[in-house]
Every structure is written in structure tokens, then in C-alpha cells.
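Let's take a walk through this one together. Have the sequence and the model side by side, and we'll go element by element.

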Amino acid sequence: GGKNQVYSLDFSTKTVFSLKIWWFTHVDDRVSACRTTMEYDIITQEERRDFMTGEQELLLALLRGELTGTAAELDEKTLREADWGAVLKESQAQAVTLMAADALSPFGKYVTNIGAWTSCAARLMRANFALLQSEVWLENAIAPEPMVILKGMSAASYYCKPSGRVLGDIDFLTDPAKTDALLDCLTEKGCKIIDEPGDSSHHRELTHGSTLLELHFAIPGIPFGKAGELVCARAEGMLSRRVVRELDGQKFPSPAPTDHALVLLLHTQNHMQEAGVGLRHLCDWAAFLRAEADGAFWPEFLDFLKEIGLLRFAEVLSKTCAMYLGAPLLDFAKDAPEELATGILEDILSGGNFGRRDETHSGSAVFLPSFRGEEKRQTRTQKLWQSLLGGVRSHHPIVKKVPVLIPFFALWRAILYIVRAALGKRQRLGDMSRVGRDREALFRALRLFEQTGCDGIMVGRGAQGNP
């Protein structure tokens, strides 16, 4: 009955769930036809494939300790038998190496490749330090224009041990009306623009030394339709609601907690529909849930998520964090299906951070219909063609001036891919299509931007269950 339910896991058990997924299919543009049921093995994407490897189980145990501020609970047999090289590789694929390395400090005598862990952690710490320096430079460079750090540093500031979060790059939101002026300002001060206008729907890319800067004129992951309009309207006040947060003694502008929560959810679902996200994204949400479990913003925020059709995703993602990362199970997520929560974790573990772990998994995104609130959802064929066109425009820029060449380059790239796949040099389309069908079933069950919550849950209740 309390607001915070804690899950404990028996890592010796591997369970396979089966999920009944219901969705509406359409016969044509005018008629909503029949309700279909589909059996979907939520855990396995390949026959006889276990849910998690031993290395992934161990990694989750390490992360859970870091996120809860406690020592990881690991028995001596597990520590002695662990393949520490594989655990390190898995942590890199999931972008959580710094957290895992810190969690290993009490178990150093068991780690057979401690030198490799230390070297990798030192490199990541140096990169984090360089990024923090770049953030200070950036604030001064665009002053007095306001900005907020959308992801990395802001997400890290909610962790028990903020310095353990791998930062990556600097995503910062500014006044969209000032985008061109800020680009000119930053290039005059030594930054280099590395993209073209129109390459992204929400940001421009620059470099400052070795640091990648993403100048956002919109937050990432905005859906289409009415939901997108509501998100854009809410985001307009994000700069005025900004707060000051701190990371390793350095203060910086960050979105207010309610805005940060929205950015995390939109960003995570958006990348899940593409190459995939790693455990780092899941840890970001778990850390936020723990830090803001008593936040006063939850009732209004959950009502907004229901309005845009993202409540079910938030419920299930929160349940995943509670089941596997030790996050508190807040009232709004307590009735989320455990099968779906496990399905999200399986999707994350299979692909890794931006598809780093499995190219078949990341490549399957081209066979996924889009779940972004479109009035008419893209089909697999349309998505595949769109991906092919993107490759043509990226690798053959001449088509921007001579568009008549597009079909010829598209045919050439399609033939080249098929030949390379046959030679084992690229992922087979059939394998990617099969994985894509499994992932599609998961996303349909999450009802992204369909404006429905979990059955039987009282929407609009916050972390404390207050109406």
C-alpha cells in the first residue's frame, strides 16, 4: 500500500513471459476493421534465446547498487566465475562503464582484467571533464542568451553519484528565434558547423575542440498531430522555467524537473524506435524517479502525459526501473504489466546504446512502422524506402543538385547491400525484418501517443497517490 515498492530479483531464474497484444488494424483509410490478437514472446526475439546473458545479469546488479547508493549484492561464486572481459564489453555497449567500474571497487580481487577497467574508466572521466569545461565555455560564449542543458549533465545531476554517468555530448536548448544568430556567434568563437540545414528536425551540430555541441531549437522526440502541438506549447516555457543544478561542484542551467521528465521520456521513446537505447537511458529515468519520488509536479504531469498519449510508456518504463534497477515503484506505475516492463528491458539489452551491441537489432528499425502520433502510420515499405533515400542523400550529395539521379543511386545502393549481405558483410534483411516484427508488437502494446493509460489505473495520481 505504500508509495515505494521495491522489487528483489533472483538472478538464477530465467523466465519467459508470453504477452497477448491487442491492436486495431485498418482495412483502408476510411474503415477501422477488426481487432486482432497476436501471441508475442516478449522476452525472446530468436528461438531458444534466453532473456539475459550472465554478463547482463551481473551488470544490472552492479548498476542497481550504484543507483540506490548501496553495495551490489553478489555472491562469491558469481564473482569468481564471471567473464569480466565480457562484462566490460557489455558495459561499453550499454554506455554505463563508469557506473559499473565504480561499483566494482569492493570486488577488485575478483576482477581478472582490472587494468582494462581502470584504463577505460580513466578515459571516460577525462572526456567528462573536458565536456564540463566546454559547458562553461559555452555559457560564456552565448551570454546573455538563456539556455538549458537538455540531457547529459542534467540527467547526471539526479544520480546518487553524478560523476559516474557517461556524458557524451552537450545538447542545449536556446530561443529558436535566435538559432542563426547563435550559430554565427559560436562559429566566430571557434566552433565548426558539421551538419547542413534541414538534416535534423530539432537541432544543429557543431564541434568545440573534441566536444560535440547540439544546438536545439526544439526538444527531441516531438510527435505529430495534436500531441505534438501540445508538446510544443508546453516546451515554449522551458527556458523561463529553467533551474540551476550542480554536477561535481559546477552549476549549470537545467530544465525544471517536470520539463526534464518530459525530455527524458520523449528522447527515450524516440531512440527506441530507431537504432535503440542502452541501459544509460534506463538509468537516467531510474535516477530521476528516485530523486523526485515526492515531487509536487506529478499529478499535473501525469495528466499531461495522458493527454498526449505517453502515460502508458511512462508507467511501463517506471515499472522496468523498479523491477530491474531498484527504483521506487511510484503509485502511478504499480499496475503496469510486468510483461511489458520486461519487454522494454529485453529490447534495450538486445540492441545496446544506439544499436552498438547488435546491428541486426538496430537495423530492424527500417522495418518498424512509425509510432509517433501520425494520422496515418508509415508502413514497413514506406519506412524502408525512406531509409534508402536517407542513405542516398547522405552518401551522394550530388542528388541535392540533380534529384533525377536519386532512383539510380537508390537502385545501386539496394543491390550493393543485398550482395554484401549475401557475402556475410552486412546484416541480412530477413533477419532484420523478423526482429522488426517482434519489436513492432512491443511498440503497439505500449500504445505510443494513442492517449490511453494502463487498464484499471487511476490516471492523474502522483507519487504519493494524492488525487
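Start with helix α17, where 13 of the 18 residues are buried, so the rest of the structure largely encloses this helix. Keep in mind as you look that this is a predicted model. Helix α17 covers residues 429-446, and its length checks out: at 1.5 Å a residue the 18 residues should span 26 Å, and the end C-alpha atoms sit 25 Å apart, which agrees. Just after α17 comes Arg447, with a positive phi near 55°.

Now zoom out for a moment. The chain holds 17 helices and nine strands. Of its 467 residues, 52% are buried. If you take the contacts between residues at least 6 apart in sequence, 70% of them join residues at least 24 apart.

For a close-up of that kind of thing, try Ala314, which lies in helix α12, residues 311-325. Is Ala314 buried or exposed? Its relative accessible area is 1%, and the cut-off for buried is under 20%, so Ala314 counts as buried. What is Ala314 in contact with, once its neighbours within four places in sequence are left aside? The partners are Leu265, Trp285, Leu305 and Phe332. Leu262 is also worth finding: 52 residues separate it from Ala314 in sequence, yet the two C-alpha atoms are 9.6 Å apart in space.

Stay with α12 and look across to helix α13, residues 338-351. Two packed helices are described by the angle between their axes and the distance between the axes. Here the axes come within 8 Å and cross at roughly 80°. Angles of 65 to 115 degrees count as roughly perpendicular, so that is how α12 runs relative to α13. On the α12 side, the residues that meet α13 are Arg312, Phe313, Val316, Leu317, Lys319, Thr320, Met323 and Tyr324. Across from them, α13 brings Glu338, Leu340, Ala341, Thr342, Ile344 and Leu345. Sorted by class, this contact has nine nonpolar, two polar and three charged residues.

Last stop, the strands. Strand β8 (residues 243-247) pairs with strand β9 (residues 250-254) in the antiparallel sense, over five bridges. To get your bearings in the pair, find Arg245, which stands opposite Phe252 in β9. Together β8 and β9 make a hairpin, with two residues between the strands. In the turn you'll spot Asp248, which has a positive phi of about 50°.

Terms used: Residues are numbered from 1 along each chain as its sequence is written. This is a predicted model: local features need pLDDT of at least 70, side-chain atom pairs count only at pLDDT 80 or more; totals for chains, interfaces and linings use all residues. Side-chain values use heavy atoms; hydrogens and water are left out. Helices (H or I, at least four residues) and strands (E, at least two) are DSSP runs, numbered from the N terminus. The expected span of a helix is 1.5 Å times one less than its number of residues. Buried means under 20% relative accessible area, exposed over 50%, partly exposed in between (1.4 Å probe, protein chains only). Two strands pair if DSSP finds at least two bridges between them. Contact means heavy atoms within 4.5 Å. Axes are lines fitted to C-alpha atoms, for helices over the stretch in contact, and angles run from 0 to 180 degrees between N-to-C directions. Angles under 35 degrees count as roughly parallel, over 145 as roughly antiparallel, 65 to 115 as roughly perpendicular and the rest as oblique. Ala, Val, Leu, Ile, Met, Phe, Trp, Tyr, Cys and Pro count as nonpolar, Asp, Glu, Lys and Arg as charged, and the others, Gly among them, as polar.
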